[in-house]
Amino acid sequence: MDAPDKQQDSSQQSVQAAAAFKAFMLKNSIKSNLNLYDHLTQVLMKVMDERPQNVVDVIEDISCDVKRGLFEDKWSTLRDLPQTTAAELLAEHQRLLFARPEEADHEEELVETPLPNVSEIGFYMEQAGVGLGREEMQRVFLALKQLVESQGLQRCRLWGKILGKESSYIIAEADYREGEEEEEQNNGEAAEEEEREAEALENENEMDPLPQSIYKPPPSVPKEAIGTGTNKFLYYVCKEPGLPWVKLPTVSPAQITVARQIRKFFTGRLDAPVVSYPPFPGNEANYLRAQIARISAGTQVSPQGFYQAGEEEGDEDEEAPRDSYEVNPDFEGLPVSEMSESLSTWVHHVQHILQQGRCTWVNLAVKPGEESNEEGEAEEKEEEPDEPEPEVGPPLLTPLSQDAEMFNTPPWSSKMSSTLTSQHAVAVVRSNLWPGAYAYACGKKFENIYVGWGLKYSGEGYNPPVPPLPQKEYPSGPEITEALDPTLEEEQALQEALEEQQAAQEEMAETDEEEEDDD
């Protein structure tokens with residue numbers, strides 16, 4: 001073959017090889033559905049357009065950017081599913097508050113309702129400079145309406161709001177229903193019996209029981225009966241209007257006593273443990289109930305003359321403190337100017353809590369079974385000098401002017417809501433010992449509310465209680481004092497002395513025998 005023919009054959013072979021290689025480069029990848037030919041073309045076009053420095057060093061990054069750019073459109077079409085926020089969930093719960101039942105009749109509006117007029121209370125509280133705001137007060141009113149309808153309460157009022165670190169508590173106060181008092185007492189007795197049975201089973205199951213301690217703890221103060229003292233009212237709480245209401249348990253004197261010694265912020269979770277010293281007997285629900293009892297006893301006030309002492313049938317002991325009151329039908333109201341200037345026009349209408357943790361004192365030295373003993377035993381007990389003196393607190397309807405100061409701070413501050421329009425003003429008192437407790441009065445209307453952290457004023461700073469002193473060691477004496485070990489010389493001397501003493505005794509015994517033989 002001639003040279004031109006050879007060149008033509010080689011050029012045809014190179015063209016075929018190039019076509020085959022191009023076909024190879026045009027094959028799409030199984031994973032990304034891309035081909036090398038188009039990718040290199042786009043990489044070279046990007047290099048021509050941008051002309052970066054040190055292309056050989058960044059060629060890998062350029063290749064990655066080209067691949068990433070091909071998938072940007074597909075990624076942008078993907079959207080995350082919208083997650084329901086806490087505010088949206090709360091709005092769904094509160095939406096049910098505004099729903100009106102179809103079967104509701106207009107005649108029900110004319111019937112007396114146990115619900116308070118929260119809108120009116122919010123208006124007067126707004127004049128006093130305190131409250132929850134109009135929008136929240138309306139939601140609270142609807143939540144109280146839902147509570148009354150679901151629980152069938154005879155009376156219900158907004159007690160207040162206690163703030164917490166995670167969430168707050170909206171508190172409603174209600175009266176116990178008929179039959180509910182017996183259920184509460186039966187539940188309490190059943191729980192105590194279960195605890196006793198559990199302790200008895202544990203003692204029986206112990207194969208090798210440990211030695212029992214002879215220490216007897218002081219008798220526990222019994223809880224006040226349902227409907228009296230610190231357990232006179234029933235309390236429900238919820239975190240937000242529309243969320244479920246939770247009934248708080250009854251309070252015990254031990255819980256009130258420890259609550260006076262600790263200072264803890266609320267978390268907003270009723271089942272949260274209360275870590276404190278001294279240890280609190282219960283969880284946050286019990287601590288909340290104890291603080292409600294303390295705040296109510298110290299800050300629930302009313303205009304003088306609005307209530308009058310109730311007449312108790314069969315109460316022959318006139319010295320016994322009265323724990324009941326009733327509305328005075330002859331009350332005509334007091335001037336606002338007088339109530340804003342003098343604390344004597346305001347009185348406490350909730351019983352004072354004694355140091356024992358109860359509103360009525362109980363003698364722990366007398367057991368329940370010993371109350372009906374003979375007269376001779378009663379006279380012997382009267383002669384005992386260790387009989388505790390009964391503790392008596394201030395009587396009901398005591399004026400605020402008799403309250404004691406703490407930390408050189410007056411317990412109450414009074415004012416008029418507006419001095420410019422005194423004709424339409426309301427009288428307001430504020431507790432300085434329980435910051436957040438307010439009361440207003442206007443004519444025959446008054447109301448109490450608490451909005452705060454549930455902590456009492458403690459002066460300049462809080463000092464935790466000092467731990468108790470350590471117990472004394474056992475008294476030392478010669479009978480229990482360990483003696484020093486004798487030395488070797490002292491042991492040998494003692495042994496020699498004992499041997500000599502023994503030898504002397506043997507000699508005396510032999511001489512006595514010889515004398516007896518001679519006789």
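# Briefing: a predicted model of 519 residues

Of the 519 residues of the protein, 29% count as buried. The structure described here is a predicted model. The protein contains 12 helices and 12 strands, and eight strands make up an open sheet with mixed pairing. The points below treat the overall make-up, the sheet, the helices that pack on it, strand 11 with its two hairpins, Cys442 and the largest cavity.

**Overall make-up**

- The accessible surface of the protein amounts to about 36600 Å², and carbon and sulfur atoms account for 51% of that area.
- When contacts between residues at least 6 apart in sequence are considered, 64% of them join residues at least 24 apart.

**The open sheet**

- The order of the eight strands in the open sheet is 4-3-2-1-12-11-10-9.
- Strand 4 (246-247) and strand 9 (412-416) stand at the edges with a single partner strand each, so one side of each has no neighbour in the sheet.
- In general, strands of a sheet pair through backbone hydrogen bonds, in either a parallel or an antiparallel sense.
- Strand 1 (residues 156-162) and strand 2 (residues 169-174) run antiparallel and are joined by six bridges.
- Within this pairing, glycine 160 has isoleucine 171 of strand 2 as its bridge partner.

**Helices against the sheet**

- Helix 5 (residues 118-128) packs on the sheet and touches strand 9, strand 10 (427-431), strand 11 (437-442) and strand 12 (445-452).
- The direction of helix 5 makes about 70° with that of strand 12.
- Helix 6 (residues 134-151) lies across strand 1, strand 2 and strand 3 (234-238), and the helix runs at about 130° to strand 1.

**Strand 11 and its two hairpins**

- Five of the six residues of strand 11 are buried, so this strand is largely enclosed by the rest of the structure.
- Strand 10 and strand 11 run antiparallel, with four bridges between them, and valine 429 stands opposite alanine 439 of strand 11.
- These two strands, strand 10 and strand 11, form a hairpin with five residues between them. Glycine 436, in the turn of that hairpin, has a positive phi of about 115°.
- Strand 11 also pairs with strand 12, in the antiparallel sense and over six bridges; here the bridge partner of alanine 439 is asparagine 448 in strand 12.
- Alanine 439 is thus placed opposite valine 429 and is also bridged to asparagine 448.
- The hairpin of strand 11 and strand 12 has two residues between the strands, and glycine 443 in its turn has a positive phi of about 70°.

**Cysteine 442**

- Cysteine 442 belongs to strand 11 and is partly exposed, with a relative accessible area of 23%.
- Leaving aside residues up to four places away in sequence, cysteine 442 touches Tyr124, Ala425 and Val426.
- Valine 336 is 106 residues from cysteine 442 in sequence, while their C-alpha atoms are 6.6 Å apart in space.

**The largest cavity**

- One cavity of 30 Å³ or more is found in a search of the whole structure, and the largest cavity has a volume of about 30 Å³.
- The lining of the largest cavity consists of Trp159, Thr299, Gln300, Ala437, Tyr438, Asn448, Ile449 and Tyr450.
- Strand 11 and strand 12 each supply at least two residues of this lining. The largest share, three residues, comes from strand 12.
- Asn448, one of the lining residues, is also the bridge partner of alanine 439.

Terms used: Residues numbered from 1 in each chain as written. Predicted model: local features only at pLDDT ≥ 70, side-chain atom pairs only at ≥ 80, totals over all residues. Heavy atoms only, no water. Pairing = 2+ DSSP bridges. Contact = heavy atoms within 4.5 Å. Axes fitted to C-alpha atoms, helices over the stretch in contact; angles between N-to-C directions. Buried < 20%, exposed > 50% of the residue type's maximum accessible area, 1.4 Å probe, protein only. Areas by Shrake-Rupley, 256 points an atom, 1.4 Å probe, with all protein chains shown as cover. 1 Å grid on protein atoms, 1.4 Å probe; cavity = no way out; pocket = protein on both sides within 12 Å on 5 of 7 lines; lining within 4 Å. Points joined across faces, edges and corners; volume = space filled by probe spheres on them.
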